[in-house]
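Morning, everyone. Let me put one chain on the screen and walk you through it.

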Amino acid sequence: YAENSGVHGDPETMYFVFGSSFLGYWEQPDGKIAWFNNLAVDQPEEVSSSATWLERLREAYGDDMPAKQLLAHSHEVIGAGPLEIMPSVPHWYRDRMVLVGDSAHAPSASSGQGASLAAESAVQLARCLRDIPDITTAFATYERLRRPRVERIAARAAKTNSDKRGMGPITRLLMPLVVKTFGARAFTKDQNYRIDW
């Protein structure tokens with residue numbers, strides 16, 4: 001948490017910032033700013049204490065705003081650790097048993113899609129069970145329809161987690177142009193996904 005950082009926002013909104021690393025923050029009802037990031041490191045154990053993490057983060061973010069302000073007013077890092085990703089499950093069903101949500105596909109938190117993917121999979125499974133009388137065929141269809149999407153999102157999250165360079169200078173330069181030209185549509189393809197019920 002950061003107190004009196006000068007960073008503010010609508011308490012109903014979470015903000016995502018792409019810079020040297022990915023950062024998210026939101027204002028709490030008491031005015032403190034809760035924030036998180038995904039700074040990539042080679043070995044999670046290489047940085048352990050809260051003070052060491054803060055020093056490492058300040059060095060990595062440099063003058064990036066609002067990271068610089070948030071870090072200047074943060075005194076402790078809570079829950080520093082790796083962003084894990086579950087390996088691909090080879091089979092999502094067997095006989096009359098089927099996996100849904102995180103039991104079948106659990107992308108790391110950096111995907112921002114875990115709960116959404118679970119809900120989508122539940123809806124798609126219900127649709128397949130409704131429309132396909134044979135359970136084995138319904139389960140196979142459900143997996144065939146869902147697997148490409150969830151594995152694409154998991155792969156993108158894994159790439160984000162391992163990127164030690166952050167956003168490059170050309171991408172940072174072009175980002176405002178992309179946002180101005182395409183607006184939120186440039187970043188919402190995965191969020192606007194629909195299942196034809």
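I'll start with the overall fold, then take one helix, then the cores.

A caution first: this is a predicted model. The chain has five helices and five strands. Going along the sequence, the order is β-β-β-α-α-β-β-α-α-α. There are 197 residues, and 34% of them count as buried. The chain exposes about 12,300 Å². Carbon and sulfur atoms supply 57% of that area.

Now contacts. Take pairs at least 6 apart in sequence. Of those contacts, 56% join residues at least 24 apart.

On to helix α1, residues 50-61. Its 12 residues reach 16 Å from the first C-alpha to the last. That is close to the 16 Å expected at 1.5 Å a residue.

Which residues of α1 are buried? Trp53, Leu54, Leu57 and Tyr61. They sit on the same side of α1, because they cover an arc of only 100 degrees around the axis. The general rule helps here: an α-helix has 3.6 residues a turn, so residues three or four places apart point the same way.

What does the buried side of α1 pack against? Three elements: β2 (22-27), β3 (33-37) and α2 (67-72). Now turn the helix over. The face of α1 away from its buried side carries exposed residues, namely Ala51, Glu55 and Glu59. Just after the helix comes Gly62, with a positive phi of about 55 degrees.

Next, the cores. The largest nonpolar core has 12 residues. Here is the list: Val89, Trp92, Leu99, Ala104, Leu117, Leu125, Cys128, Ala138, Phe139, Tyr142, Val150 and Ile153. Which elements give two or more residues to this core? They are α3 (114-131) and α4 (135-162). Helix α4 gives the most, with five residues.

Look at Phe139 in that core. Leave out residues up to four places away in sequence. Phe139 then touches Tyr93, Asp95, Arg96, Met97 and Val98. Phe139 also touches Leu125 and Leu129. Of these partners, Leu125 is itself listed in the core.

Apart from the largest core lies another, of 11 residues. Among its members are Tyr25, Leu54, Leu57 and Tyr61. That brings us back to α1, where Leu54, Leu57 and Tyr61 are buried. Tyr25 falls within β2 (22-27), one of the elements that the buried residues of α1 pack against.

That's the tour. I'll take questions.

How values were computed: Residues numbered from 1 in each chain as written. Predicted model: local features only at pLDDT ≥ 70, side-chain atom pairs only at ≥ 80, totals over all residues. Heavy atoms only, no water. Helix = DSSP H or I, 4+ residues; strand = E, 2+ residues; numbered from the N terminus. Expected span 1.5 Å × (residues − 1). Buried < 20%, exposed > 50% of the residue type's maximum accessible area, 1.4 Å probe, protein only. Arc of directions from axis to C-beta. Contact = heavy atoms within 4.5 Å. Areas by Shrake-Rupley, 256 points an atom, 1.4 Å probe, with all protein chains shown as cover. Core = buried A, V, L, I, M, F, W, Y, C linked by side-chain atoms within 4.5 Å.
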